[in-house]
Amino acid sequence: MASVVIVGAQWGDEGKGKIVDVLTEKADVVARYQGGHNAGHTVVINNEKFILHLIPSGILHKNKLCIIGNGVVIEPSSLIDEMQGLKQKGIEIDKNLLISKTAHLIMPYHIAIDNEHERAKGSKKIGTTGRGIGPAYVDKMGRIGIRVVDLYSPKIFREKLEANLHEINYLIENRYKAKGFGVGEIFDRYMDYAEKIARHVADTDIIVNDMMRADKKILFEGAQGTLLDVDHGTYPFVTSSSSIAGGACTGLGVGPTKITKVLGVAKAYTTRVGSGPFPTEIHDAVGEALRQKGGEYGATTGRPRRCGWLDLVGLRHALRVNGLTGLAITKLDILDDLEKIKVCVAYKYGNNLHEDLPKEISLFEEAEPVYEEMEGWKENTIGITTFEKLPRNAQRYVRNMGERLGVSVDMISTGQRREELIMLNEQF
């Protein structure tokens, strides 16, 4: 049995989509365990770009079962649009996609609350995508959420919807001075959604566990990254779910003893979207050059990403809370043009050096990065497929990363395309 969790080791956008796509070749099942359609996994196949928001990128392979687990929150119209878009490109959906009965639904009022709440915060906003993800998780934890399975009991669905709107419309109309929602319109729309996704809805937790017992190879796919985890990230500038490896257990209904490997994905530098502290952020022309060459714009929102040097303090934290067994490094080629490359090895705050992330957000904002400077390689690495063919300084950079963290570097991405990859250690 082999069950591998793929997890972002930074603030998301690490290139997990490509890594999942590559590893799917040897997997039987790819299962998404948390997040919503604010995620954007980009995969390039034969120069054609696919951007997936909810459906695991394993769907791009033939005869691979893809699962959206109970830990994901689903906005049905976005899911249906994504399904139809893949069908139009000739991708098999009908037999290869399953959706958990117990996944929670994003409702129109969640989106409204998300946007109104952010607007009311002004300069203190978190920087959400405004897609209703957070409010949907709030309702889930408040035990008033509406799940996929509720759609197939129309009476129960309507009762829940009416009860929720009774309170939510009061909030929207009185606090935010915005227009409330009618029960009938939402009910009819979601009944239509229910019909369109019905053939895909299943007891996915049972299916995943059955496949584990049958020694199938399973790939667990997360969204966002470790530093956006609601418990272990840079709170409150985080997402609303458990994006670390442990979220795979709760988000799919499998026991922790069933996980065999945890592969962390990290860029060769660091990026962040939205608000929050970012000690290694580069504010000069180098940062802009990384943004332009790396195409550092959100796959979902188009927002420019903040760019910075590699942060080993953050990665050390990711190693610990995820129990990483290996590391996949992406976008090494984006550093090809640099004369000098900085690596953050510690933070300085309170007149002391620290190798671990502070829990206090005020200390995080105060932290100054302590850098080790390395020589760049000034050579093209795009498309290289063996470690020995990398420029010597690129080899040193990768080795330094693994040695300082005390974890093996298992994969190195050297470009956008599927085949532009150095495989050092197999996961299955």
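In the predicted model, Lys331 has a relative accessible area of 21% and is partly exposed, a value just outside the buried class because that class is limited to residues under 20%. Salt bridges with shared partners link Lys331 to a single network that also contains Asp13, Lys267, Glu296 and Arg305.

Within this network, the side chain of Lys331 pairs with that of Glu296 in a salt bridge with an N to O distance of 3.0 Å. Glu296 is placed in the loop between helix H9 (285-294) and strand S13 (306-308), and Lys331 in the loop between strand S15 (326-330) and strand S16 (340-349); the pair therefore ties together parts that are 35 residues apart in sequence. Glu296 also forms a salt bridge with Arg305, for which the closest N and O atoms are 2.7 Å apart. Glu296 is buried, at 0% relative accessibility, and Arg305 is likewise classed as buried, at 7%. The Glu296 and Arg305 bridge thus has two buried partners, whereas the bridge to Lys331 joins buried Glu296 to a partly exposed residue.

A search of the whole structure returned 24 salt bridges. Another of the pairs is formed by Glu159 and Lys155, with the closest N and O atoms 2.7 Å apart. Both residues belong to helix H5 (residues 154-174), where they are separated by four residues, or about one turn of the helix. Glu159 is partly exposed, with a relative accessible area of 41%. Lys155, at 63% relative accessibility, falls in the exposed class, because the cut-off for that class is over 50%.

Pockets were also examined. The second largest pocket has a volume of about 160 Å³. Its lining includes the run Asp231, His232, Gly233, Thr234 and Tyr235, together with Leu357, Pro358, Lys359, Glu360 and Ile361. His317 and Phe364 are also among the lining residues. By residue class, the lining of the second largest pocket consists of five nonpolar, four polar and three charged residues. Asp231, Lys359 and Glu360 are the charged members of this lining. The nonpolar group is made up of Tyr235, Leu357, Pro358, Ile361 and Phe364, and the polar group of His232, Gly233, Thr234 and His317.

Terms used. Residues numbered from 1 in each chain as written. Predicted model: local features only at pLDDT ≥ 70, side-chain atom pairs only at ≥ 80, totals over all residues. Heavy atoms only, no water. Salt bridge = Lys/Arg side-chain N within 4 Å of Asp/Glu carboxyl O. Helix = DSSP H or I, 4+ residues; strand = E, 2+ residues; numbered from the N terminus. Buried < 20%, exposed > 50% of the residue type's maximum accessible area, 1.4 Å probe, protein only. 1 Å grid on protein atoms, 1.4 Å probe; cavity = no way out; pocket = protein on both sides within 12 Å on 5 of 7 lines; lining within 4 Å. Points joined across faces, edges and corners; volume = space filled by probe spheres on them.
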